[in-house]
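The following exercises are meant to be worked with the sequence and the model side by side. Try each task before reading its solution.

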Amino acid sequence: MRSKLFFTALPMCLAIAAASQAQVVLDGSAEAKLYGAAIAVQNTQTQFGDATQGTVDFASGSELDACYATIDGNFLFIVFAGNLESNYNKLDIFIDGVAGGQNRLRGNNPDVDFNGINRMGDDGTGNGLTFDADFSADLWMSLTCGGAPLAVYMNQAQLLTEGGGTGGYLGTGGAGAAGAVIFKSGFGFGLDNSNIAGVASGSELADTAAAELVRTGVEVRIPLSAIPGYTVGDLKVCAFINGGGHDYLSNQVLGPLGGGANLAEPRLVNLENYPGSQYVLIANSGATPCPSDLDLNGSVDAADLAALLGAWGGTGGDLDGSGTTDAADLAIMLGAWGACS
Ligand SMILES: [Ca+2]
Ligand SMILES: [Ca+2]
Ligand SMILES: [Ca+2]
Ligand SMILES: [Ca+2]
């Protein structure tokens, strides 16, 4: 009886697998078909080491060569092509999706990753990392990796206008497609550290043609519902490589700096002082077509309900942007039950 049920269910599983083949694979690589061309290219050599190993799970340096992004249903995918050194240096990522948020990082954000976000923020003297004038961060994520076998760790926090907010440690995984993880919250990542090309070591203007060819690095999966208050419209992302304690900003920033040395103390950095935008625009012309369809199979059904209940109290099923998955989100899902129109 058990085996009969198994074989009955098998064709359905295969059908689901086939339907999802066109979706993004979290493997640390920007598939050309899905991601298209780079939306930002590095123009500054790296002062955080030029990786030379060519191994998926180890890199001796960090660089951000290019940025690729795509939106698939309710999720934003971004590839930060380059390397993240296997020494617990940080890739800090900031998303701006709505008015409000923080143009200058406050000191009262959630205590996540050994209070890493607040290490970049106001220490009480009115400083704090400041973005370009037209960028106000709403969501922060950070990735770091090290050890043998390699472990990758991911954290996130809301950046609300008055601080506070929620955040936390998302979890851990490894390198390559096998090490990629999608957490219960809907966040996920893939890491491929095999790049040995891209920008070289230094603080001069970089070879942008070489940087633009890199398509492997850190790939992240972000539930659009995790961006507080976001429903529709273009997004901005600012990313940089930082020291192990979020305490020493590199010269690997996207949008790029236009040459120059590491920026050092994060609290004293004002990106408005650097020419051009130290953020990247991610165009999103369409509204999320069917936000309750969490698994993107075209209908709101029992699988979505299970995903929502599984994310209860987290952000993975947060349909109304309140920051948590609760009864209000359940009501939205039940109201949208059936095929997506
Ligand atoms: Ca991929
Ligand atoms: Ca904002
Ligand atoms: Ca390089
Ligand atoms: Ca600027």
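A residue is called buried if 20 or more other C-beta atoms lie within 10 Å of its own, exposed if 12 or fewer do, and partly exposed in between, the C-beta atoms being placed from the backbone. The model is predicted, so local features need pLDDT of at least 70 and side-chain atom pairs count only at pLDDT 80 or more, whereas totals for chains, interfaces and linings use all residues. Residues are numbered from 1 along each chain as its sequence is written, and chains are lettered from A and ligands numbered from 1 in the order in which they are written.

**Exercise 1.** Determine whether Asp 92 is buried or exposed, and list what Asp 92 touches.

Step 1: Asp 92 is found in strand 4, residues 87-96, where strands (E, at least two residues) and helices (H or I, at least four) are DSSP runs numbered from the N terminus.
Step 2: Asp 92 has 24 C-beta neighbours inside 10 Å and therefore counts as buried.
Step 3: With contact taken as C-beta atoms, placed from the backbone, within 7 Å, and residues up to four places away in sequence not counted, Asp 92 touches Trp 140, Ser 142, Ala 239, Phe 240, Asn 242 and His 246.

**Exercise 2.** Compare Phe 114 and His 246 in phi, place and burial.

Step 1: Most residues other than glycine have a negative phi.
Step 2: Phi is near 55° in Phe 114, and phi of His 246 is likewise near 55°.
Step 3: Phe 114 lies in the loop between strand 4 and helix 3 (116-119), while His 246 is in the loop between strand 11 (235-242) and strand 12.
Step 4: Phe 114 is exposed, because 11 other C-beta atoms lie within 10 Å, whereas His 246, with 23 such atoms, is buried.

**Exercise 3.** Find which strands stand at the edges of the open sheet with the order 1-2-3-10-9-8, and explain why one side of each is left without a neighbour.

Step 1: The sheet has six strands, and the pairing is antiparallel; two strands pair if DSSP finds at least two bridges between them.
Step 2: Strand 1 (40-41) and strand 8 (181-182) stand at the edges, and each has a single partner strand, so one side of each has no neighbour in the sheet.
Step 3: Strand 1 pairs with strand 2 (residues 63-72) over two bridges, and Val 41 has Ala 66 of strand 2 as its bridge partner.

Key:
Two residues are in contact if their C-beta atoms, placed from the backbone, lie within 7 Å.
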